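Please follow this walk through a single protein chain, with its sequence and its fold in view. The account moves from an enclosed space to an open one, and then to helices, strands and the backbone.

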Amino acid sequence: MSKAVRIHETGGPAVMRWEDHDPGAPGPEEVRLHQEAVGLNYIDVYHRAGLYPLPALPAVLGLEGAGVVDSVGSDVSEFKPGDRVAYAGIPPGAYAQDRCIPAHRLVRLPDSIETRQAAGMMLRGMTARYLLYGCHSVKAGDRILIHAAAGGVGSIVCQWASHLGAEVIGTVGSVAKAEMAQKNGCHHTILYGETDFAERVNTITDGRGVDVVYDGLGQATFLKSLDCLRPMGMMVSFGQASGAVPPLDIGVLAAKGSLFLTRPSLMAYTAHREDLLAHARDLFDVVTKGVVAITIGQTYPLEDAARAHQDLEGRKTTGSTVMIP
């Protein structure tokens, strides 16, 4: 019998159970996938805790994985058994040895991308792609601020943005993480636990501010991040690892320089298949060319998902985290 990590109620890591799981046969427009690796992401924590409600309980967590097509539904023509594929996004159900998933959410993996590598980069990498091309079109000479610069998304953004010619400023939580961010193309690192990052950004930019802030931390950094922007700069709040951003009086955006604010999601940016394929194609291209190196900082057996969640929430992880079914 196949196994999966399932939750019957929301709560802490202890609510996750390693249980028998039969995904059944694929529906007409579905693929049954034998998974070789599963990605760990902060949105999994939000689903587990109930911050982002799942469609129903019990439920299998997870939005990212990679593996081999086992069988296809009657209406599926794009994939066949044996194809190597990967995915990131809804519907949840990645924390499983085998699963069924709509075929239109899958992308075929090129030979140059390993399965474990794919599971550690699809969600973060395509997030980096919409951050750099969708929310704000980063170009040579831009100055950007990325929080958690040594994390999964941050490490990719640093490399990719540096390749595009941007000046990258990153906040990190330790000297070791600062060194990692610098190796990934981050030009200036700020230890946010020791330094007022807004003051430091002001010094680095000679008082001009950055063109865009990418903030996946939320509550702890949001308001000060606004102080880092140039007039008419873009604030991109794409996560809330430190807690939800409190309600905002939008008059603050005018007072701080007619700022722009967006709260994007990968699901919106890849809702149409052509957009999903474009994001995946651009990601595969920069990884294959060596522009972006995907660092798998740690791996866990899938049955130890609770420990992986604890480490993620405790900020003990670096780069991407992969779980092996």
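In this predicted model, the lining of the largest cavity is made up of Gly152, Ser155, Ile156, Gln159, Ala293, Ile294, Thr295, Gly319 and Ser320. The volume that these residues enclose is about 30 Å³, and the structure holds one cavity of 30 Å³ or more. Helix H4, which covers residues 152-163, gives the most to this lining, with four residues. Sorted by class, the lining of the cavity has six polar and three nonpolar residues, and no charged residues.

Helix H4 also takes part in a second space, since it is one of the elements that supply at least two residues each to the lining of the largest pocket. The other elements that do so are helix H1 (42-49), helix H3 (122-135), strand E10 (167-172) and helix H9 (266-269). The largest pocket contains about 870 Å³ of space, and of the 40 residues that line this pocket, those closest to its centre are Tyr42, Val153, Gly216, Phe238 and Ala241. The largest share of the lining comes from H3, with four residues. By class, the lining of the pocket divides into 21 nonpolar, 15 polar and four charged residues.

Helix H3, having been met at the pocket, can now be followed to a helix that it touches. How do the axes of H3 and helix H10 cross? Helix H10 spans residues 273-288, and its axis comes within 9 Å of the axis of H3, with a crossing angle of roughly 100°. An angle from 65 to 115 degrees counts as roughly perpendicular, and H3 and H10 are therefore roughly perpendicular to each other. On the side of H3, the contact is made by Met122, Gly125, Met126, Arg129 and Tyr130, while H10 contributes Leu276, Ala278, His279, Ala280, Asp282, Leu283 and Phe284. In terms of class, this contact of H3 with H10 has eight nonpolar, two polar and two charged residues.

The strands E2, E1 and E4 form an open sheet in the order E2-E1-E4, and their pairing is antiparallel. Strand E2 (16-20) and strand E4 (59-60) stand at the edges of this sheet, and each has a single partner strand, so one side of each is left without a neighbour in the sheet. Strand E1, made of residues 3-7, pairs with E2 in the antiparallel sense over five bridges. Within this part of the chain, Arg6 stands opposite Arg17 in E2.

The backbone itself deserves a closer look at a few places. Most residues other than glycine have a negative phi, and most peptide bonds are trans. Against that background, the peptide bond from Leu57 to Pro58 is cis, with omega near 0°, and Pro58 is found in the loop between H1 and E4. That loop therefore runs between a helix that supplies at least two residues of the pocket lining and a strand at an edge of the open sheet. The peptide bond from Ile90 to Pro91 is likewise cis, with omega near 0°, and Pro91 lies in the loop between strand E6 (84-88) and strand E7 (98-102). What is the sign of phi at Ala148? Although Ala148 is not a glycine, its phi is positive, at about 55°, and this residue is placed in the loop between strand E9 (143-146) and H4, the helix that gives the most to the lining of the largest cavity.

How values were computed
Residues are numbered from 1 along each chain as its sequence is written. This is a predicted model: local features need pLDDT of at least 70, side-chain atom pairs count only at pLDDT 80 or more; totals for chains, interfaces and linings use all residues. Side-chain values use heavy atoms; hydrogens and water are left out. On a 1 Å grid over the protein atoms alone, a cavity is a set of points where a 1.4 Å probe fits but cannot get out, and a pocket is an open set with protein on both sides within 12 Å along at least five of seven lines; lining residues have an atom within 4 Å of a point. Grid points are joined across faces, edges and corners, and a volume is the space filled by probe spheres set on the points. Ala, Val, Leu, Ile, Met, Phe, Trp, Tyr, Cys and Pro count as nonpolar, Asp, Glu, Lys and Arg as charged, and the others, Gly among them, as polar. Two strands pair if DSSP finds at least two bridges between them. Axes are lines fitted to C-alpha atoms, for helices over the stretch in contact, and angles run from 0 to 180 degrees between N-to-C directions. Angles under 35 degrees count as roughly parallel, over 145 as roughly antiparallel, 65 to 115 as roughly perpendicular and the rest as oblique. Contact means heavy atoms within 4.5 Å.
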